[in-house]
Amino acid sequence: MKKEDLKNKNVAVLGFGVEGESIARFLLENGSRIFIIDVRREDKFDPSKIAEFKKQNVEFQFDSYPEDFLKFDIVLRSPGISSMSAVIERIKKQGVEVSSSTKIFFDLCPCKIIGVTGTKGKSTTATLIYEMLKSGGIDAYLGGNVGKPPLDFLNDLKIDSKVVLELSSFQLQDLSKSPQIAVFLMTTSEHLDYHRDITEYIDAKRNILRYQGPDDFAILNKDYPASNESDVHTEGQLYFVSRKQQVEQGCFVRDDHIWLKIGVREEQIMPTSDVLLAGKHNLENVCAAILAATITGAQRQAIISVLKNFRGLEHRLEFVAEHHGIKFYNDSLATIPEAVIEGIEALGENVETLITGGYDRGLDYSELGNYLSNSRVRNLILFPSTGEKIWQALCDSMPNENTRPRKFDVNSMKEAVTAAYEHTNPGKICLMSPGASSFNLFKNYKERGNQFKKEVNSLV
């Protein structure tokens with residue numbers, strides 16, 4: 001697609017979130033007639049934003065989708081709307097073109113794209129790559145959930161710029177182009193409320209590789225089958241990362257050091273103890289970032305400097321405060337059970353209280369239940385509705401009820417933090433790591449994390 005293809009066209013934008021707003025601004029710049037559609041109620045949105053777009057002749061429909069999309073030349077879906085959803089299938093049957101802001105960006109981007117996907121670690125890895133490139137004086141941009149919507153900085157890009165994009169399965173699902181450097185991190189079950197099954201979810205992820213050519217690069221995590229076995233889905237040059245084993249070409253951990261091997265040269269980068277980012281699992285992300293940044297042209301000293309100073313992302317194992325000897329950590333970005341285990345492992349044996357649970361997307365909590373039954377967690381503070389599933393999984397692994405942690409069912413963050421404060425011993429840690437989405441009680445993971453920080457900071 002070219003920009004001129006949008007001029008004077010009737011374009012429907014499905015979804016009025018952050019990306020929907022970005023699409024609308026881009027379309028206004030390019031002379032489209034815009035109709036924004038969102039199935040949520042109008043009172044869920046900032047009225048000033050709606051008024052601002054209406055002044056520019058943008059039309060709106062809330063509460064439902066129209067039956068007929070034939071008056072539109074093109075429909076642009078936001079990432080939260082599956083390309084296989086009923087409404088998209090209906091639009092396609094009516095013969096109307098469906099696209100997305102991600103597809104448009106790939107069509108129009110004048111420079112190289114480094115794409116990062118996986119179940120966990122996308123935001124951390126993408127941010128690390130971006131910081132390494134910027135630190136080395138490279139003109140770099142960060143887009144996706146962790147940065148700006150990429151259409152917002154499209155006009156600033158030059159041919160020698162570099163764009164780092166965090167790409168979810170939602171954005172990749174109908175993509176027909178792949179980034180020049182594709183990073184495929186650990187992948188396990190998530191978003192099974194959105195995808196039909198794990199096979200479809202992994203297949204969507206593999207679009208990051210599918211359209212690469214021999215001059216492109218694929219970076220795969222060797223420690224997980226879904227990513228390791230994706231090598232057959234790309235024609236790009238293959239590199240691997242691992243924190244458990246040496247790899248033939250790529251970046252890996254050996255003898256408590258990070259090593260890089262490209263071609264015949266094997267180079268020791270730095271001791272793992274010099275990496276400021278907490279958690280052994282993050283060494284996978286660190287290796288992927290080192291490899292992607294090196295291929296892109298970042299210098300070794302810039303890479304090492306970032307790793308010695310990068311503390312991590314907000315809402316990911318974020319230290320909030322200490323009250324009466326209790327340390328509170330915010331891990332709201334942990335939206336799958338595996339991430340909860342990683343968080344406890346990263347913080348060590350002092351995690352006495354765990355605030356967990358959230359929106360039920362059909363994930364399996366048996367492994368988390370088994371892990372908790374063998375952990376030092378003594379207080380489980382549970383949000384609905386997966387809180388009950390986590391508790392049941394723990395009970396299945398821990399039949400003796402006298403040895404189980406104490407259970408507290410809560411329905412608000414204030415209740416959760418109050419319970420944690422009352423029952424956690426001085427010198428111990430309270431970790432808020434939900435292992436689930438936030439949508440039943442909170443707008444998103446950011447709101448959930450911010451509420452946790454607000455309640456913790458209000459303790460006296």
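The protein chain contains 16 helices and 20 strands. The model described here is predicted, and every value reported below was computed from it. The overall dimensions are presented before the two sheets, the helix H15 and several individual residues.

The C-alpha atoms of the protein chain occupy a box of roughly 70 × 60 × 40 Å along the principal axes. For a chain of 460 residues, a compact globule would be expected to have a radius of gyration near 23 Å; the value for the protein chain is 23 Å, and the two therefore agree. Of the 460 residues, 58% count as buried. The accessible surface amounts to about 19800 Å², and carbon and sulfur atoms contribute 46% of this area. Among contacts with a separation of 6 or more, 68% are made by residues 24 or more positions apart.

One open sheet is built from 9 strands in the order E7-E8-E6-E9-E10-E11-E12-E13-E14, and its pairing is mixed. Its edges are formed by strand E7 (140-143) and strand E14 (265-271), each of which pairs on one side only. From one strand to the next, the twist of this sheet averages 20 degrees.

Within the sheet of 9 strands, strand E6 comprises residues 112-117 and is mostly covered, with 5 of its 6 residues buried. In the order of the sheet, E6 stands between E8 and E9. The pairing of E6 with strand E8 (residues 162-166) is parallel and extends over 5 bridges; in this pair, valine 116 is placed opposite glutamate 166 of E8. The pairing of E6 with strand E9 (residues 181-184) is also parallel, and 4 bridges link E6 to E9. Here isoleucine 114 is found opposite isoleucine 181 of E9.

Towards the other end of the strand order, antiparallel pairing is found. Strand E13 (residues 257-262) runs antiparallel to E14, and 6 bridges join the two. Histidine 257 has proline 271 in E14 as its bridge partner. The loop between strand E12 (250-254) and E13 holds aspartate 255. The phi angle of aspartate 255 is near 55 degrees, which is a positive value in a residue other than glycine. Aspartate 255 has a relative accessibility of 63% and therefore counts as exposed, the threshold for this class being over 50%.

A second open sheet consists of 6 strands in the order E15-E16-E20-E17-E18-E19, again with mixed pairing. Strand E15 (318-323) and strand E19 (406-409) are the edge strands, and each pairs on one side only. The twist of this sheet averages 20 degrees from one strand to the next. E15 pairs with E16 in the antiparallel sense over 5 bridges, and alanine 321 is located opposite phenylalanine 328 in E16. Histidine 324 is situated in the loop between E15 and E16. Although histidine 324 is not a glycine, its phi is positive, at about 50 degrees. With a relative accessibility of 59%, histidine 324 counts as exposed.

Another loop, between E18 and helix H14 (386-397), includes serine 385. The peptide bond that leads from proline 384 to serine 385 is cis, and its omega is near -10 degrees.

Helix H15 lies across E15, E16, E17, E18, E19 and E20, and runs at about 170 degrees to E17. The buried residues of H15 (residues 413-423) are Met413, Ala416, Val417, Ala419 and Ala420. Viewed down the axis of H15, these buried residues fall within an arc of 160 degrees, so they line one face of the helix. The face turned away from the buried side of H15 bears the exposed residues Lys414 and Glu422. The cover over the buried residues of H15 includes four strands of the sheet, namely E16 (326-330), E17 (351-356), E18 (379-382) and E20 (429-432). Helix H16 (445-457) is also included in this cover.

Note on methods. Residues are numbered from 1 along each chain as its sequence is written. This is a predicted model: local features need pLDDT of at least 70, side-chain atom pairs count only at pLDDT 80 or more; totals for chains, interfaces and linings use all residues. Side-chain values use heavy atoms; hydrogens and water are left out. Buried means under 20% relative accessible area, exposed over 50%, partly exposed in between (1.4 Å probe, protein chains only). The arc is that of the directions from the helix axis to the C-beta atoms. Contact means heavy atoms within 4.5 Å. Two strands pair if DSSP finds at least two bridges between them. Axes are lines fitted to C-alpha atoms, for helices over the stretch in contact, and angles run from 0 to 180 degrees between N-to-C directions. The radius of gyration is taken over C-alpha atoms; the globule rule is 2.2 Å times the number of residues to the power 0.38. Accessible areas come from the Shrake-Rupley method with a 1.4 Å probe; for residues, only the protein chains shown count as cover.
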